[in-house]
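Visitor: I am new to this structure and should be grateful for a close look at a single part of it. Would you please take me through the largest pocket and then the aromatic rings?

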Amino acid sequence: MQMVFAAAGRRIDPSDSNPARFPLSNVALVTERIRGFFQAHPATIIVTSAACGADLIVLDEAGRLGIRRRVILPFDRDRFRATSVSDRPGDWGPLYDRLMNEISLRNDVIISTGATDELAAYAAVNHLILEQAESLARESGECAAAVLIWEGRPRRTGDLTQAFGERARERGMKVLGISTLD
C-alpha cells in the first residue's frame with residue numbers, strides 16, 4: 001500500500017555543534033538511508049519543509065523516484081533560504097533553488113503566514129505539514145504516516161523535530177524514523 005508521508009528532521013549541524021545531531025560528513029549515509037526508506041515504504045506524496053539537511057535530501061530523493069512533493073515554508077523563499085538553508089555548512093543553496101523551482105511549477109509550495117516570531121512560525125509549519133499530509137491522504141484514499149530523520153535524542157527545550165513526532169502520534173499517525181548518525 002502506498003502512503004502519504006509527512007517528513008521532518010534535523011538540519012545540518014553548525015560547525016561547532018556538540019553533541020552531533022546531523023554532521024555534514026553523514027550526508028551520503030543519510031541520503032542512502034532515505035532512498036532505502038522510500039524503496040521499502042512506497043509513497044505517492046511527501047509533505048515537508050525545505051531546510052538544509054533532512055528536508056532537502058528527502059525532497060531530492062523523492063523527486064528522483066517520481067514521488068510528488070509538497071513544501072510548506074514559514075515565510076517567503078528568500079528569507080527561508082537565508083535563515084534555514086545557506087546558514088549552515090555545505091553548499092545547500094543551489095539544491096534548494098533547483099528543488100523549489102521544480103516544486104513551484106506544480107503549485108505545491110505553500111507559504112504559511114500569521115506567526116510573527118521564528119519559533120512560532122516553524123511550529124506552525126509542523127502543524128501544516130501534518131494537516132496537509134492527512135488531507136492529501138484522505139483525498140487519495142491512502143494512509144498518512146510521519147517520518148522523523150534525526151538522531152533520536154531530543155534537545156532539552158524547543159525541539160521541533162521531537163514535537164513533530166509527538167503531534168503526529170497524537171493524530172494517530174504511524175511514526176517511523178531514519179537515523180542521522182552512524
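Guide: What follows is an account of the pocket and, after it, of the rings. The model is a predicted one, and the description should be read accordingly.

The largest pocket encloses about 660 Å³ of space. Its lining is made up of 31 residues. Those that lie nearest the centre of the pocket are Gly9, Arg11, Arg155, Leu160 and Thr161. Several elements give two or more residues to this lining: strand S1 (3–9), together with the helices H2 (54–64), H3 (77–84), H5 (118–140) and H6 (160–170). The largest share comes from H5, which supplies six residues. Sorted by class, the lining has 13 nonpolar residues, along with nine polar and nine charged ones.

The aromatic rings may be considered next. A pair of such rings is described by two quantities, the distance of the centres and the angle of the planes. Five aromatic pairs are found in the structure. One of them joins phenylalanine 37 to phenylalanine 38 in an edge-to-face arrangement, with 5.8 Å from centre to centre and 70 degrees between the planes. An angle over 60 degrees counts as edge-to-face, and therefore this pair is given that name. Both phenylalanine 37 and phenylalanine 38 are buried.

Elsewhere in the sequence, Phe75, Phe80, Tyr96 and Tyr122 are linked by ring pairs into a cluster. Phenylalanine 75 has a further neighbour in arginine 79, which lies over the face of its ring at 3.8 Å from the ring centre.

Notes:
Residues are numbered from 1 along each chain as its sequence is written. This is a predicted model: local features need pLDDT of at least 70, side-chain atom pairs count only at pLDDT 80 or more; totals for chains, interfaces and linings use all residues. Side-chain values use heavy atoms; hydrogens and water are left out. On a 1 Å grid over the protein atoms alone, a cavity is a set of points where a 1.4 Å probe fits but cannot get out, and a pocket is an open set with protein on both sides within 12 Å along at least five of seven lines; lining residues have an atom within 4 Å of a point. Grid points are joined across faces, edges and corners, and a volume is the space filled by probe spheres set on the points. Helices (H or I, at least four residues) and strands (E, at least two) are DSSP runs, numbered from the N terminus. Ala, Val, Leu, Ile, Met, Phe, Trp, Tyr, Cys and Pro count as nonpolar, Asp, Glu, Lys and Arg as charged, and the others, Gly among them, as polar. Rings of Phe, Tyr and Trp (its six-membered ring) pair if their centres lie within 6.5 Å; planes under 30 degrees apart count as stacked, over 60 as edge-to-face and the rest as tilted. Buried means under 20% relative accessible area, exposed over 50%, partly exposed in between (1.4 Å probe, protein chains only). A charge sits over a ring if NZ of Lys or CZ of Arg is within 6 Å of the ring centre and within 35 degrees of the ring normal.
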